[in-house]
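User: Got a minute to go through the pockets with me? I have the model open.
Analyst: Sure, bring it up.

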Amino acid sequence: LLPLDEEEHGLGEYPTCELEVRDVNADGRVEILVFGHAGASTDLLHMYVWDGSTYTLLAAFEGNAGLRLENADGDLSDEVVVRYDAGAGLVWEAVHTWDGANYGWTWERYAWFYLNRPHAYPTDTPEHAVVSFYLAVDDRDLPGAYGLLAGSAQAAQPYEAWAVGFVTTLAAEVGAVPEIGRSGESATVAAQVRAFDNADGRVVATVWDVQWTLVQTPAGWRLESATTAQLDQWDVEYYR
């Protein structure tokens, strides 16, 4: 098995690799997965499949902050999650899904670089404040998420009433978080959010387009108000 010639690290810089042999994408064929490593945190994955006469390279991935396989959408077929260092203790994850012929990008999200807790929520930029809010919700650190709201938002809704809105929330993911406007100490940030909720025993995934208004405070940026629009929704038959 040979990697692509133009790849910088080949199958990996170290003398050993990890192997898995299984039908990873539920296409009826058995793939050989070769996991390699380079540097301190770069992970590589090469997938090979039998084409009738030889094993050919089906896909190759490289993430400078790691990678993993995950059933991200609840269909029993693993997606490839590639992680990139995003600074401030964060990583940007690109989720690649098998479409029957190729792996293609389908979703992006932010996550913590390290899993150790408690996390320090970065609020030095409006984008980081929004990312921190949803990571806190995903961690079930609702007091931490509430603390990232502006004083006016907290005054409008006490914590107990606000937290009720997340009773059914199982997980939250946020990606594509650009700042789209700035005026003095106020900023507007757009975000794509995917929430997983327990709906009477069913797990439902909903994709939201969210637009946050934030204000700058001496303690960092804080979330003031939001508008939301639902983009998609589906039942997650096999929740991870």
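**Pocket linings**

Analyst: Let's start with the second largest pocket. By class, seven nonpolar, one polar and 10 charged residues make up its lining. Keep in mind that this is a predicted model.

User: What's the volume of the second largest pocket?
Analyst: About 380 Å³. Its lining has 18 residues, and R68, A111, W112, L115 and D138 are the closest to the centre.

User: Which elements give two or more residues to that lining?
Analyst: Strand 5 (67–70), strand 8 (103–112), helix 1 and strand 9 do. Strand 8 has the largest share, with four residues.

User: OK, switching. How much space lies in the largest pocket?
Analyst: About 540 Å³. There, 25 residues form the lining. F133, Y134, F166, W212 and T228 are the closest to the centre of that pocket.

User: And which elements give two or more residues there?
Analyst: Helix 1 (126–138) and four strands: strand 9 (169–175), strand 11 (186–199), strand 12 (202–217) and strand 13 (220–235).

User: Which one gives the most to the lining of the largest pocket?
Analyst: Strand 13, with six residues.

User: How many nonpolar, polar and charged residues are in that lining?
Analyst: The largest pocket has 16 nonpolar residues, seven polar ones and two charged ones in its lining. For the second largest pocket, the charged count is 10 and the nonpolar count is seven.

User: Helix 1 came up twice, right?
Analyst: Yes. Helix 1 and strand 9 each give two or more residues to the largest pocket, and also to the second largest pocket.

Conventions
Residues are numbered from 1 along each chain as its sequence is written. This is a predicted model: local features need pLDDT of at least 70, side-chain atom pairs count only at pLDDT 80 or more; totals for chains, interfaces and linings use all residues. Side-chain values use heavy atoms; hydrogens and water are left out. On a 1 Å grid over the protein atoms alone, a cavity is a set of points where a 1.4 Å probe fits but cannot get out, and a pocket is an open set with protein on both sides within 12 Å along at least five of seven lines; lining residues have an atom within 4 Å of a point. Grid points are joined across faces, edges and corners, and a volume is the space filled by probe spheres set on the points. Ala, Val, Leu, Ile, Met, Phe, Trp, Tyr, Cys and Pro count as nonpolar, Asp, Glu, Lys and Arg as charged, and the others, Gly among them, as polar.
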